[in-house]
Amino acid sequence: MPQFHSARLLKALLALALCLGAGPAAGQRAPSPFPLRSVQTGSGVRIAMRDAAAFYGLRQTVRDKTVLWSGSGASAEFTVDRRNAKINGIQVNLSHAVAMHEKQPVISEVDFRLLIDPILRARALPRQRVMTVVIDPGHGGRDPGAAGRQHEEKAVVLQISLRLGQILRQQGFRVHMTRVTDQYLTLEQRIEVARRHRADLFVSIHANAAANQSVHGVETFLLPPRGTAGTYTNRVLDTHRAGNAFDKQNLRLAYEIQRHSLARTRANDRGVKHATFQVLRDLPCPGVLIETGFISNPREEQLLANPAYQTRMAAGIAAGIIAYRELVASP
Ligand SMILES: [Zn+2]
């Protein structure tokens with residue numbers, strides 16, 4: 001049975017602390033200057049969640065299987081044996097389930113570093129100047145995408161994308177669209193648009209479908225962080241993809257887009273998720289894919305085809321991009 005290690009930990013933790021940067025942003029409490037205890041398990045390093053909470057100046061309480069972090073201006077909720085978490089009110093899927101070790105909840109070090117820290121501490125994000133955004137309306141031409149009763153994915157996502165482009169241009173961004181008409185493009189052609197225009201961000205806009213018509217809501221995908229499995233699999237594709245150079249940025253961009261699109265639309269939060277989508281794998285810049293709703297749900301289909309709702313969705317995605325731009329701007 002592995003034991004908590006402080007020494008080995010200390011080394012990893014010091015490295016982590018160094019990555020974590022010079023200190024907390026204004027308004028945040030200073031991280032505690034002590035090492036996070038960790039333990040090596042068969043599936044990687046786990047960190048004592050109590051220590052991780054204390055690192056942010058948060059208090060941890062454990063009730064049955066629920067692990068709560070609370071404190072000034074931040075909160076998080078985890079469930080033992082589950083991969084889903086709620087961070088500051090938004091669902092974020094973890095790469096590994098929270099586990100118990102010596103009667104203490106522990107979390108994967110990768111999840112802590114790449115999925116939680118970039119949300120709870122914006123200083124952990126690399127600085128980036130965000131000027132050029134490539135918007136990618138999914139599908140098109142002979143590929144209709146998902147179909148509802150009256151509407152097709154390719155048409156509603158183009159409308160949302162055109163509105164998004166308009167809002168971002170008004171906000172001073174340079175915007176390029178992978179398509180502005182009902183045109184077929186391969187996934188490689190979409191990535192090529194990002195390369196050609198030296199995009200700072202890439203946002204692919206889609207709508208979802210499920211066999212169960214009652215399923216509805218918004219989910220935003222990023223490439224699984226390096227060495228982790230996607231949300232719907234336990235298989236790790238350990239090949240390092242170009243998009244993995246931006247793991248922290250991908251996560252924070254997805255989080256902000258998910259948060260702001262929900263705030264504008266009041267849609268159901270299906271969470272920030274990870275999937276090895278081809279269009280995200282080989283991107284030359286941070287990028288995400290948002291599923292703006294389920295066209296298979298009759299009510300959401302009507303909303304997705306409604307111009308006022310399309311504008312609200314576009315405004316939410318734009319607000320997420322603007323929030324991200326501010327978070328990563330040089331101090
Ligand atoms: Zn799609």
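A residue is taken as buried when its relative accessible area is under 20%. In the predicted model examined here, Glu153 has a relative accessibility of 3% and therefore counts as buried. Glu153 is also one of the residues that coordinate the zinc ion.

The zinc ion is coordinated by NE2 of His139, OE of Glu153 and ND1 of His206, at 2.0 to 2.1 Å. Along the sequence, these donor residues follow the spacing H-x13-E-x52-H. His139 and Glu153 link distant parts of the chain, 14 residues apart: His139 belongs to the loop between strand S10 (132-137) and helix H4 (153-170), whereas Glu153 belongs to helix H4. His139 has a relative accessibility of 18% and therefore counts as buried.

Aromatic contacts were examined next. A pair of aromatic rings is described by the distance of the centres and the angle of the planes. Six aromatic pairs are counted in the model. In one of them, formed by Phe55 and Phe112, the ring centres lie 6.1 Å apart and the planes stand at 75 degrees, so the arrangement is edge-to-face. Because Phe55 is located in helix H2 (residues 49-55) and Phe112 in helix H3 (residues 109-120), this pair ties together parts that are 57 residues apart in sequence. Phe55 is buried, at a relative accessible area of 6%, and Phe112 is likewise buried, at 0%.

The rings of Tyr56 and Trp69 form a tilted pair, since their planes meet at 40 degrees with the centres 6.3 Å apart. This pair also links distant parts of the chain: Tyr56 is in the loop between H2 and strand S3 (59-63), and Trp69, 13 residues apart from it, is in strand S4 (residues 66-71). Tyr56 and Trp69 are both buried. Through ring pairs, Phe55, Tyr56, Trp69, Phe78 and Phe112 are joined into a cluster. An aromatic ring also takes part in a contact with a charged group: the charged end of Arg142 is positioned over the ring of Tyr184, at 3.8 Å from the ring centre.

Charged pairs form a further set of contacts. Side chains of opposite charge can pair when their charged atoms come close. The structure contains 13 salt bridges, among them one between the side chains of Arg270 and Glu219, with an N to O distance of 2.8 Å. As Arg270 lies in strand S14 (residues 269-274) and Glu219 in strand S13 (residues 218-222), this salt bridge ties together parts that are 51 residues apart in sequence. Arg270 is partly exposed, at 26% relative accessibility, whereas Glu219 is buried, with a relative accessible area of 3%.

Glu219 also forms a salt bridge with Lys273, in which the closest N and O atoms are 2.8 Å apart. With Glu219 in strand S13 and Lys273 in strand S14, the pair ties together parts that are 54 residues apart in sequence. Lys273 is buried, at a relative accessible area of 6%.

A salt bridge within a helix is formed by the side chains of Glu256 and Arg252 (2.8 Å, N to O). These two residues are four residues apart in helix H6 (residues 247-265), so about one helical turn separates them. Glu256 and Arg252 are both buried. Elsewhere, salt bridges link Glu188, Glu192 and Arg195 in a network.

Conventions:
Residues numbered from 1 in each chain as written. Predicted model: local features only at pLDDT ≥ 70, side-chain atom pairs only at ≥ 80, totals over all residues. Heavy atoms only, no water. Donors = N, O, S within 2.8 Å, 3.2 Å for Na, K, Ca; no water. Buried < 20%, exposed > 50% of the residue type's maximum accessible area, 1.4 Å probe, protein only. Phe/Tyr/Trp six-rings, centres within 6.5 Å; stacked < 30°, edge-to-face > 60°. Lys NZ or Arg CZ within 6 Å of the ring centre and 35° of its normal. Salt bridge = Lys/Arg side-chain N within 4 Å of Asp/Glu carboxyl O.
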